[in-house]
Amino acid sequence: MKIRKYKIPTWFITEELHHKVGISYDHETKRAYDLLDIMSDKYWKIDRRKKFNRIEVTEEEYQTWYVYFLEYYIDDESIYKGTKEYKEAKKLLDRMINFFGIPNFNMNHRAGTKMRFVRTLFKTGVAQKIIKGNDTIN
């Protein structure tokens with residue numbers, strides 16, 4: 001299994017990544033939940049006085065969680081477009097893809113994908129038609 005340490009700004013670890021491992025996720029495997037605990041433990045052990053910390057990332061962590069976490073910031077419809085979070089997530093994801101490769105798991109069950117579906121319904125006007133249709137029924 002591939003393993004690599006990444007130099008990550010401390011603010012991104014404490015404000016963004018640590019928050020992500022504490023969120024409750026539905027319908028994940030036991031191993032996915034175990035990985036969240038492992039990652040959380042790594043984030044708790046960083047030196048918060050430093051500007052950057054090195055976090056060891058396994059390929060399994062990358063494939064299971066990091067891709068999902070980082071794509072949240074760089075999604076086409078992301079509210080983070082152009083922010084420091086967007087820039088850091090993009091840079092980190094690009095470095096991880098360069099080392100670990102293109103992710104190979106199916107994200108259809110993940111919240112980000114579900115939200116993309118809902119956003120598409122609103123962008124295409126389908127959601128508004130559904131809402132209007134429900135108003136006439138009541």
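These are short exercises with worked solutions on a predicted model.

**Exercise 1. Chain layout**

State how many helices and strands the chain has, and in which pattern they follow along the sequence.

*Solution.* Start with the count. The secondary structure comes to six helices and two strands. Next, read along the sequence. The pattern is β-α-α-β-α-α-α-α. Then turn to burial. The chain has 138 residues, of which 38% count as buried. Finish with the contacts at a separation of 6 or more. Residues 24 or more positions apart account for 73% of these.

**Exercise 2. An aromatic pair**

Classify the pair Tyr6 and Phe100 by its ring geometry, then find which elements the pair ties together.

*Solution.* Take the distance first. The ring centres of Tyr6 and Phe100 are 6.3 Å apart. The cut-off for a pair is 6.5 Å, so these rings qualify. Now take the angle. The planes stand at 45 degrees. Stacked needs under 30 degrees and edge-to-face over 60, so this pair is tilted.

Next, place the residues. Tyr6 lies in strand E1 (residues 3–9), and Phe100 in helix H4 (residues 84–100). The pair therefore ties together parts that are 94 residues apart in sequence.

Last, check burial. The limit for buried is under 20% relative accessible area. Tyr6 has 4%, so Tyr6 is buried. Phe100 has 6% relative accessibility, so Phe100 counts as buried.

**Exercise 3. Rings and charges**

List the members of the ring cluster that holds Trp11, and name the lysine over the face of Trp11.

*Solution.* Follow the ring pairs. They link Trp11, Phe12, Tyr72, Tyr73 and Tyr80 into a cluster. The whole structure holds 15 aromatic pairs. Now look for the charge. Lys84 lies over the face of Trp11, 4.5 Å from the ring centre. Another lysine, Lys7, lies over the face of Phe52, at 4.9 Å from the ring centre.

**Exercise 4. Helix packing**

Describe how helix H3 (residues 59–74) and H4 are arranged.

*Solution.* Begin with the axes. Those of H3 and H4 come within 9 Å and cross at roughly 150 degrees. Angles over 145 degrees count as roughly antiparallel, so H3 is roughly antiparallel to H4. The crossing is left-handed. Then list contact residues. H3 contributes, among others, Tyr62, Tyr66, Leu70 and Tyr73. Those of H4 include Tyr86, Leu93, Met96 and Phe100.

**Exercise 5. A backbone outlier**

Find where His27 lies, and decide whether His27 is buried or exposed.

*Solution.* Locate the residue. His27 lies in the loop between helix H1 (10–21) and helix H2 (30–44). Check the backbone. Phi of His27 is near 60 degrees, a positive value in a residue other than glycine. Check accessibility. At 70% relative accessibility, His27 counts as exposed.

Notes
Residues are numbered from 1 along each chain as its sequence is written. This is a predicted model: local features need pLDDT of at least 70, side-chain atom pairs count only at pLDDT 80 or more; totals for chains, interfaces and linings use all residues. Side-chain values use heavy atoms; hydrogens and water are left out. Rings of Phe, Tyr and Trp (its six-membered ring) pair if their centres lie within 6.5 Å; planes under 30 degrees apart count as stacked, over 60 as edge-to-face and the rest as tilted. Helices (H or I, at least four residues) and strands (E, at least two) are DSSP runs, numbered from the N terminus. Buried means under 20% relative accessible area, exposed over 50%, partly exposed in between (1.4 Å probe, protein chains only). A charge sits over a ring if NZ of Lys or CZ of Arg is within 6 Å of the ring centre and within 35 degrees of the ring normal. Axes are lines fitted to C-alpha atoms, for helices over the stretch in contact, and angles run from 0 to 180 degrees between N-to-C directions. Angles under 35 degrees count as roughly parallel, over 145 as roughly antiparallel, 65 to 115 as roughly perpendicular and the rest as oblique. A crossing is left-handed if the near helix is turned anticlockwise from the far one by less than a right angle, and right-handed if clockwise. Contact means heavy atoms within 4.5 Å.
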